[in-house]
Amino acid sequence: MNRPTTPVRRTDWPAGAEAPLATPLAPAAAYTTAGPDALDDIYEGRAAGYIYARECHPNATVLARKIDALEGLGQGVVTASGMAAIAAATLGTVPAGARVVAGAQLYGRSQRLLREELPRLGIEVAWADPTDGAGIAAEIAGGCAMVLVELVSNPTLRVADMPAIAAAAQAAGATLVLDNTFATPLGAKAGDLGADVVVHSVTKLLAGHSDVTLGYVAARDATLQARIETFAITLGLTPSPFDCWLAERGLQTFELRHARACATAAALADALAAAPAVSGVLYPGRSDHPDHALAAELLGPPWGNMVCFHLSGGRPAVDRFLQAADGRLPFAATLGDVATTLAHPASSSHRALSVEGRAVLGIGEGTLRVSVGVEATDYVLEAFAHALAAV
Ligand SMILES: *Cc1c(COP(=O)(O)O)cnc(C)c1O
């Protein structure tokens, strides 16, 4: 090649670098093509290729194909956050004036999306308890375009009656959207639960290291998926290549992290249930969980990495517990990290609710949520024993 010399661009990528073991990072915002015919071929699907990173980029494709393989619902798309995925699945598809039925214990921001944003388009939202199959089925049968639920709720780990919900959604001709963040595809696959669309906050267990904010959405139907992707591109809900690269790296160990975390969570739930300062434990794998039978049908074993428990001493007991846990068990408003983390729903995720509203959901001032990480099980049990001793 006989090119004029300039340090600006135009340098060939070295030969022999085509097959690095680790996925290359492609931060490029734009891709060069040979000309308009090549653009035609890419846009019309006759050739593979990338044009502009907001539309797609290789690191997003690599990550999406890995999550596709876990969920098995269809070819999904990675978005800039879990909320971006939920926004694309709802705002991007529901017609103005339609009705949506939503699980009453949805993630807090999802509730805000449905309460504060959808009504501007004349979309009516009806709330129903997803653990009451007959009740939510009746709400769905009242007519709706979409149903949005989570299999496992935050923080009390209640399990949605997916067979009843899926049957009702199908009979009503409604699109069933499942936020599978808490269960993860290793807990339950959205397709097996009858979902038409699955969304994830990749930020949580899938990426697993609390260093990226990303989401994922996949629809079973290719036309619906195309609508969701067009909306995501138009609104710029696109993820950054580096975040996708980090999340893909995190995903390599997801199965190992999940297995360790679930085993420790089960042991922790039993240990907490035996502790005098603890007045109640919620873990789907325990026979005293209100939805244990449904969880056995839909979820586990393993039963997940999340554990919820109540300290009988209320907020003062929580304060003493957290003080003693400091340095061993980080207090942080997220889940799915490699570290075991603690959250206090009454002052964080559910602070907008009244005391009575929280009580209906089974959340008090003494309620703590645990996201179990990958530490050795003994380390986690010892850290809890130490913190409980201070209560
Ligand atoms: C965190 C979370 C979300 C939102 O995901 P972000 O990546 O924080 O935008 C949605 N649903 C559930 C169940 C979550 O836990």
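Partly exposed, as used here, means a relative accessible area between the buried range, under 20%, and the exposed range, over 50%. By that yardstick W245 is partly exposed, because its relative accessible area is 22%. Keep in mind that this is a predicted model.

**Aromatic rings**

W245 has a ring partner. A search of the whole structure turns up 5 aromatic pairs, and one of them joins F242 and W245 in a stacked arrangement, with 6.0 Å centre to centre and 15 degrees between the planes. What separates these two along the chain? They sit 3 residues apart in helix α9 (residues 241–251), so about one helical turn lies between them. F242, at 42% relative accessible area, is partly exposed too.

Elsewhere, F309, F321 and F384 make up one aromatic cluster. There's also a charge to look at: R115 puts its charged end over the ring of W127, 4.3 Å from the ring centre.

**Nonpolar cores**

F321 comes up again in the packing. Which residues touch the most other members of the largest nonpolar core? Out of 86 residues in that core, the answer is L151 and F321. Helix α12 (residues 314–325) is the top contributor here, giving 6 residues. A second core, separate from this one, has 27 residues, including V94, L114, V125 and A219.

As for L151, its contacts beyond four places in sequence include the nonpolar-core style neighbours you might look up on screen: V159, A160, M162, L178, L298 and L299 are among them. The list also takes in R158, D179 and N180, along with A183, A188 and L193.

**Around E124**

E124 belongs to strand β3 (residues 124–128). Is E124 buried, partly exposed or exposed? With 47% relative accessibility, E124 counts as partly exposed, because that value falls short of the exposed range, over 50%. Leaving out residues up to four places away in sequence, E124 touches A98, R99 and V100. Two of those partners come with a distance: V100 lies 24 residues from E124 in sequence but 6.2 Å away in space, C-alpha to C-alpha, and the side chain of R99 makes a polar contact of 3.4 Å with the side chain of E124.

Here are the accessibility values side by side:

| Residue | Relative accessibility |
|---|---|
| F242 | 42%, partly exposed |
| W245 | 22%, partly exposed |
| E124 | 47%, partly exposed |

Note on methods
Residues numbered from 1 in each chain as written. Predicted model: local features only at pLDDT ≥ 70, side-chain atom pairs only at ≥ 80, totals over all residues. Heavy atoms only, no water. Phe/Tyr/Trp six-rings, centres within 6.5 Å; stacked < 30°, edge-to-face > 60°. Helix = DSSP H or I, 4+ residues; strand = E, 2+ residues; numbered from the N terminus. Buried < 20%, exposed > 50% of the residue type's maximum accessible area, 1.4 Å probe, protein only. Lys NZ or Arg CZ within 6 Å of the ring centre and 35° of its normal. Core = buried A, V, L, I, M, F, W, Y, C linked by side-chain atoms within 4.5 Å. Contact = heavy atoms within 4.5 Å. Polar contact = N/O pair within 3.5 Å; in protein donor to acceptor, adjacent residues only side chain to side chain.
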